Amino acid sequence: MIIDSHAHVSNRWYEPIESLLAQMEHTGVNSAVLVQLLGHYDNQYLIDCARHYPGQFASVALVDCRADGVHDLLESLAVQGVRGIRLRPTDQSPDADPLAIWKQAAELGLVVSCVGNEKTFLSPEFALVLNAVPTVKIVLEHLGGTSSAPLSDEELAQRRLVFGLARYPNVFMKVPGLGEIMPRKALDMPVGQVGSARQVPCWLTPWLSLGHRV
């Protein structure tokens, strides 16, 4: 089975689920994880898509971790079938416990799809999360940085430090889309440090719609 771990669909931005289904059929992809767009906190479309195509799609919601009622919202999303939430490495709750949102994700069995860059993945805030909440599964997006490959020696050194987070058994890594073509050496390092069993591929949307070919 082939699973795309990071696809975007929307009824307001990118393209609707029907476009993704056509791309998946064309390329032989069986299932996909629907990840909410940054800045879009209405997750209903993704929830509806996952319900309409049970077993084919899972949804990852975006929440404002500092908003009032976010804990009730997170519980409601889990009840509605959401499988994960998208957070930044430095996100903290406004509660007395700044890690409350991360701990709740762990309690609800939600995977955290974590979007950031080398600086935020290596920040003290994220180190606190990794050490204090070892039961939450965290998937670092875009090879633990931006979609572009590290080119300078300094960038490579920083990315290697991010790959070193593989020492935490609950940390996984997304390999960027084939449309975001990267030099081979950008993929060699994570295979060596993170291990292929803890890397998940993502490549489809929106690249095929922009004229790229797999």
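This is a short walk through one protein chain, from its overall make-up to a few residues and one pair of helices.

Okay, before anything else: what we're looking at is a predicted model. The chain has 8 helices and 8 strands. Of its 214 residues, 48% count as buried. And if you take the contacts between residues at least 6 apart in sequence, 76% of those join residues at least 24 apart.

Let's start near the beginning of the chain. Strand 1 covers residues 3-7, and histidine 6 sits in that strand. Is histidine 6 buried or exposed? Its relative accessibility is 9%, so histidine 6 counts as buried. The cut-off for buried is under 20%, in case you're wondering. The side chain of histidine 6 also has a partner: a polar contact of 3.2 Å links it to the side chain of histidine 8.

Keep histidine 8 in mind, because it turns up again in the contacts of glutamine 36. Glutamine 36 belongs to the loop that runs between strand 2, residues 31-35, and helix 2, residues 44-52. This is a loop residue, but at 4% relative accessibility glutamine 36 is counted as buried. What does its side chain reach? That would be the backbone oxygen of aspartate 42, at 2.9 Å. Setting aside neighbours within four places in sequence, glutamine 36 is in contact with His8, Asp42, Asn43, Leu46, Val60, Ala61, Leu62 and Arg86.

Now for some backbone geometry. Which residue in the loop between strand 1 and helix 1 should you click on? Try tyrosine 14, which lies in that loop, with helix 1 being 17-27. Tyrosine 14 isn't a glycine, yet its phi is positive, about 55 degrees. As for the surface, tyrosine 14 has a relative accessible area of 37%, so we call it partly exposed.

Further along, leucine 143 also has a positive phi of about 55 degrees, and again we're not dealing with a glycine. You'll find leucine 143 in the loop between strand 6, 138-140, and helix 7, 153-163. Here the relative accessible area is 0%, so leucine 143 is buried.

Last stop, the helix pair. In general, two packed helices are described by the angle between their axes and the distance between the axes. Our pair is helix 3, residues 70-79, and helix 4, residues 100-108. Their axes come within 11 Å and cross at roughly 20 degrees. Angles under 35 degrees count as roughly parallel, so helix 3 is roughly parallel to helix 4. The crossing of helix 3 past helix 4 is right-handed.

Who actually meets whom? From helix 3 we have Val70, His71, Leu74, Glu75 and Ala78, and from helix 4 they meet Ala100, Ile101, Gln104, Ala105 and Leu108. Sorted by type, the residues of this contact come out as 7 nonpolar, 2 polar and 1 charged.

Let me zoom in on glutamate 75, which is in helix 3. Glutamate 75 has a relative accessible area of 44%, so it's partly exposed. Leaving out residues up to four places away in sequence, glutamate 75 touches Gln104 and Leu108. How far apart are glutamate 75 and leucine 108 in sequence and in space? In sequence it's 33 residues, and in space it's 7.4 Å, C-alpha to C-alpha.

That's the tour; happy to rotate the model if anyone wants another view.

Methods: Residues numbered from 1 in each chain as written. Predicted model: local features only at pLDDT ≥ 70, side-chain atom pairs only at ≥ 80, totals over all residues. Heavy atoms only, no water. Axes fitted to C-alpha atoms, helices over the stretch in contact; angles between N-to-C directions. Helix = DSSP H or I, 4+ residues; strand = E, 2+ residues; numbered from the N terminus. Parallel < 35°, antiparallel > 145°, perpendicular 65-115°, else oblique. Left-handed = near helix turned anticlockwise from the far one by under 90°. Contact = heavy atoms within 4.5 Å. Nonpolar A, V, L, I, M, F, W, Y, C, P; charged D, E, K, R; others polar. Buried < 20%, exposed > 50% of the residue type's maximum accessible area, 1.4 Å probe, protein only. Polar contact = N/O pair within 3.5 Å; in protein donor to acceptor, adjacent residues only side chain to side chain.
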